[in-house]
Amino acid sequence: MAKYKMHLLVCGGTGCSASASAQIVSNLNEELSKQGLNNDVQVILTGCFGFCEKGPIVKVMPDNTFYTEVKPEDAATIVAEHVIKGRKVTRLLYTDPENKERISDSKHMGFYKKQLRIALRNCGFIDPENIDEYVSNEGYAAIAKVLTEMTAEQVIDEVKRSGLRGRGGGGFPTGLKWEIASKNHADQKYVVCNADEGDPGAFMDRSILEGDPHSVIEAMTINGFAIGATKGLIYIRAEYPLAIHRLQVAIGQAREYGLLGKDIFGSGFDFDIELRYGAGAFVCGEETALIHSMEGLRGEPTFKPPFPAQSGYMQKPTNVNNVETYANIPIIILKGADWFSKIGTEKSKGTKVFALAGQINNVGLIEVPMGITLREVIYEIGGGIKNGRAFKAVQTGGPSGGCLTEKHLDTPIDYDNLIAAGSMMGSGGMVVMDDTSCMVSIAKFYLEFTVEESCGKCTPCRIGNKRLSEILDKITKGNGTMADLEALRNLAAVIKDTALCGLGQTSPNPVLSTLDNFGNEYLEHVRDKKCSAGVCKSLMKYVIDAEHCVGCTACARNCPVNAISGEKKMPHVINTELCIKCGACIERCKFNAISIK
Amino acid sequence: MEFVNIKIDDKPVQAQKGQMILKAARAVGIEIPTLCYYELNGQQLENRPGGCRVCVVEVAGRKNLAPACATEVMEGMEIKTHSLRVVNARRTVVELLLSDHPASCLICSKSGKCELQTLAQKLGIRDIPFKGEQSMYKKDDSPAIIREMNKCIMCRRCETVCNKLQTVGALSAVNRGFMAVVATAFEQDLAHSTCTMCGQCVQACPVGALSEVNQTRQVIQAISNPAKTVVVQTAPAVRVALGEEFGLEPGTIVTGQMAAALRRIGFDYVFDTDFAADLTIMEEGTELLERISKVMAGDKSVRLPILTSCCPGWVNFFETNYTDMLDVPSTAKSPQQMFGAIAKSYWAEKIGVKREDMVVVSVMPCVAKKFECQRDEFKENGNPDVDYSITTRELAELIKQFNIDFNSLAEEDFDNPLGASTGAAVIFGATGGVIEAATRTAYEVFTGKTLDKVDFTALRGLEGVRSATVDFNGTPIHIGIAHGLGNARRLLDMVRNGEANFHAIEVMACPGGCVGGAGQPFHHGDFSKVEKRFEAIYREDAGKPIRKSHENPYIKQLYDEFLGKPCGEKSHHLLHTHYFDKSKQIEVEG
Amino acid sequence: MTQIKSLADLKALKTNIQEKMDTRAKGNKDGLVQVKVAMATCGIAAGAKQVFDYFLTESEKRGIDIVLTQTGCMGYCHAEPTIEVTVPGKDPIVFGYVDVKKADEIIEKYIKNGELVEGIIPVNYETVQKN
Amino acid sequence: MIKVKLAEDKINKIKEICAFFSNKPGEVINVLHKVQGELGYLPAEVQEVIAKELNMSVATVYGIVTFYSFFTMIPKGEHPISICMGTACYVRGSEKILDEFKRQLNIVVGETTPDGKFSLNCLRCVGACGLAPVVLIGEKVYGRITTDKVKEILAEYN
């Protein structure tokens, strides 16, 4: 078999496929065989390049030429010019919008890549269970620098100037948090890594711990030095066995190298880390609840002040940061605050990792600079909506966040803009929804989550959220009234205003944001008793279209409750009294004769 | 003291630095309603979970409302306690609580004294806009305490009292979210838990979720049964608290009106537990002196200190937690039980009534007494020495049921002989009182000298753990005192670990002693009421013509006619008891 | 393992490791093929462990020298399991939806022959330069 | 005296675990994790022993066990089934999958089938969002599930 001299990579991502990438492949193959080059050049369809805006994309290897907006009829030119004559097809090259220059080598057009990996810099590159690989990638160079060249004040100053804000959701300035903890004097202080990632649909912390555990260990050590703590604790979900295993391995290796323990780098500074396990309580992501859980108590939040920086774990000053925040620290120390603060927006520096999920083509873990727009995330990186359906909303911030819609697509993503839009950054879950999602049901889903995860300590969260979810349930069952809509809004406002902890205070956000952005959908449920998305079972009716039904009996045979009747080869009928709306009949019908009304 | 300048409702206020908004406001007469907040001033007990959110206030510059109970005053703070936003939020919070609370106020034991009911009235709530699922729990009928957790509002007062004040650990918050409730381990009945029935949870509960087993009906039935001779005894602490139920100031002494009311209700004999308290001193005092002299003589079979055993909550506590020390407490029964035993033997014989035709009712400041009188060892052929034990609150209820105008009653005396008592008996109602009463008698017996001054002020006070040494004419007697079971645990642990040496220790389960008992009128966290009752106890003592138990002429008569001598054979049978190991032990299965 | 007690120790260790890596992977005609399997929870859930084991046994059976390592999440959850293959002298290529069948194809076609197979995931991110 | 009965090996195992954590009440969550790992679940008797060893009230232990959803007092089925109800799975129809499992097994969430073979539970996000909707049976992950696959998946265990 021949070894190919050249490869033509044609983007087969959904966005590009829609604009005829299959045609491009076949045209290219046709041209190549005409020229007798089939054995020298291989054409292959690939996954999405993440540049759908300029698709379809054809990349020529090994010279890395990157053709954009290629049409099937360009195939002949590419073969004739580039493959045979070795001349790049200038008109298909990407034009830099800044200086209007055509760029031929994709190595010089990294900027098209919307993603920048800082926190995830080592994930997927190094073997997380081999400390040597971390070290060879500048690992532990930051703590070395800190312990041999810097004072605690300088470290705090560097982190402050970088503009890094907490990646766990709240966005509190990390440097400031460290400074407060450093100023509270005590015989013992603690550094805590919050790895109790609980947002359903967010898994970046787990990925970092599984892919790059040493970066967190190194950062916690830096944190310990900065605030004067010698003990670190990682509070991690018990549901993450692999992350726990990799952390244990990493801590063991760091100890062997003397990077944890006594007298690190001969500096006289001691630091060590222990693991503490969560046990399935979302509220333990809240720092006071987390601390109580580590102390062996029910994970109930307590009011602040006192803040953990004053009185935290074992009543000692404690600094709590989340995994992603820590993952940024070593590189900030190495490359400096100035470098970091150039990335992102004015008030939100650096990058944010998002877990892109839901009805989107490229479900995945992405890291983007702050200030990117939702449109870029969804349509470029995410490759657009699955099955070519219409975009409806994207939910950020998990149960504490809200839904963003069409009108927010071009809003730059940062802490403050998301809050202004009625959502929040949260830990970085980003769930994309299409027109098959019912927004009332989505609000109900989140409220049911909050009800289940509420600790039950304060009235607004314990009873208020329960009532909110009951009203939503009533609406999805078709029993809602206009007064209920009013009640939802008022109750939501009081819960926000009176709940004890962050979980309670933000729990009405999914309701408020869907009310604001999809008010008509609520009205439709309440007034017209209709659910356009076809989600709310009580508001749906399954009917068989007599014109399309051929009487194959497939539906009747598969109906679990025998609600479908009819003679063979005659149109069937669904008894709506018996129908449980399970959808089994629709799945079985080969004639599209069954529909939801 | 440092101060900060703040504004509350536009009024400039100088508040103590470090103080919470709630207290700063109360100090200047601005009332902010609370529900979960519960403090026993001076008893190191504070329940401040910040959970009910009723006390929220608006603080300028803060994005959400602040709980006044848990927000510290800061220089320049501007606070609005009753803005529209605050009142709306407070109202919604109370409406939410009501939406998960049975609206059975008409028949609720707490009706009229319920803090939630009062709050709903104050806020003018006439409708509960939120309908939905209500929490349902099985009713728990223990021998003394009823738990109807459908009514629980998760204020956590009971949990805090049970764990922090009493260190009993019977209760904990369980489950979470809407399902969260305070319960025993595995949500069993209290009877199957480590509960001591001290009832401080009942005293603390702002609503009707926790209440005592009410026996007023049984009492009325007994009284109206002509075949029964119904005898009533009243504990010392009742007379200084009962008046509160009729609008009198805490600490008002109503002994005479109480005796009169009991007669109006129809009790055949109105006696006094104080008589039995004097008897207790005779027995316990003798036992104390016997043990001291044996120890002094080098007898290794007896141990010191001797622990008082009047308090049934305390007895339950050591039977569960100090099973290695079951030989240490005095074997003397409590005054309630001594009274019952004497009434159903000596007195029944004397008036020619058969034991089974006599009904003994006790009025107690206590919930645990209900449990005590049901103990098997206090029964003869199934017939209890004390048939019914009712609380101060239940007595008030009876008086109201009989439409007696309590405040206009003329004072009457107790009947004799079992109604006669000394000042030493009265002080049983306050922490330190039993041991002081015992000291008055033991001193004279031990030294053979007459006490000039009967007031042992060193033994008095409201500090949780106290100790004093009394000079018995050259022999120093070390005395320890604890009230509140948490304090008792601290003291007992010191004894167990050999860190403290005492001859005698008095323990009362409730803070302040019986004056702060769980059966007393609800103080709703205002401990100054208990302090006033405490002071009244000593006033009552000071006003008594006889102040030493052994000088009570009817006690002398009882020994002469019936018992013989203290700690004699008859006493041993009637007036002494023994203790059981109620601890949990892990055992290998199979 | 020796303890790292100074900055110099750390630098020496780093140089040592990097040299080892260079000799086994870079430019060198006789360099080895590197295969990294993304083995975070999602990858493993999708079957990455089987793929890893397959490469391990098959490379031996078929007499191809490869450096096989595990790594963390590459971010392409939609295409799990994912692997990265670096043939000496060529840019690393990421393949998605790798099962045992695809792994066989990758060994036979790409590793042995330089022929690409379907399932390539173009790397769509930049990674920060660490120094 | 109230007797709490438990098999000797279990008592010893629990005591050993408690001792490993120095019998400190603050370590109760670690202890519960380990004990559940060993015994599969945390029945009342087991909590009694833990409370005694750590010198804390059994009500407190129970309060902790009931707070954290990871701890269970009911033995799980031979093949515990967990349906991911994370957002990504939810928007891709995990509720329908759950309904189908309930229908096939004729149990509700939190129950175990009478033969002890299967138990059904929900969990929040296993982090395999790319494979949504996801179901776990024991350690095995099933991704991209549809309702009609439920029957055949269950058949694997019969």
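Here is a short chat about a predicted model, chain by chain.

Reader: What radius of gyration does chain A have, and what would a compact globule with 597 residues have?
Author: Let's start with the outer frame: the C-alpha atoms of chain A fill a box of roughly 85 × 75 × 40 Å along the principal axes. For 597 residues, a compact globule would come out near 25 Å, and the value for chain A agrees with that. So the pair you asked for is 28 Å for chain A and near 25 Å for the globule.

Reader: How much of chain A counts as buried?
Author: A residue counts as buried if 20 or more other C-beta atoms lie within 10 Å of its own. Chain A has 597 residues to run through that test. The share that passes is 61%.

Reader: In chain A, what share of contacts between residues at least 6 apart in sequence join residues at least 24 apart?
Author: Chain A has plenty of pieces to bring together, with 23 helices and 21 strands. Take the contacts between residues at least 6 apart in sequence, then pick out those joining residues at least 24 apart. That share is 71%.

Reader: Over in chain B, is E187 buried, partly exposed or exposed?
Author: B:E187 sits in the loop between β11 (181–183) and α5 (200–204), and its phi is near 50°, a positive value in a residue other than glycine. Most residues other than glycine have a negative phi. Now count neighbours: B:E187 has 17 other C-beta atoms within 10 Å. Buried needs 20 or more and exposed needs 12 or fewer, so B:E187 is partly exposed.

Reader: And B:N381, is that buried or exposed?
Author: B:N381 also has a phi near 50°, positive although the residue is not glycine. You'll find B:N381 in the loop between β17 (379–380) and β18 (383–384) of chain B. With 6 other C-beta atoms within 10 Å, and a limit of 12 or fewer, B:N381 is therefore exposed.

Reader: Which residue does a cis peptide bond join to B:L304?
Author: Most peptide bonds are trans. Here omega is about 0°, and the bond is cis. The partner lies in the loop between α8 (273–296) and β15 (306–307) of chain B. That partner is B:P305.

Reader: What is omega for the peptide bond from C:E80 to C:P81?
Author: C:P81 belongs to the loop between β2 (66–71) and β3 (83–86) of chain C. The bond leading to C:P81 from C:E80 is cis, with omega near -5°.

Reader: How many Å separate the centres of domain 1 and domain 2 of chain C?
Author: The domain assignment gives domain 1 as 1–26 and domain 2 as 32–113. Taken over C-alpha atoms, their centres are separated by 26 Å.

Key. Residues numbered from 1 in each chain as written. Chains lettered and ligands numbered in written order. Predicted model: local features only at pLDDT ≥ 70, side-chain atom pairs only at ≥ 80, totals over all residues. Domains from an automatic or database assignment. Helix = DSSP H or I, 4+ residues; strand = E, 2+ residues; numbered from the N terminus. Rg over C-alpha atoms; globule rule 2.2 N^0.38 Å. Contact = placed C-beta atoms within 7 Å.
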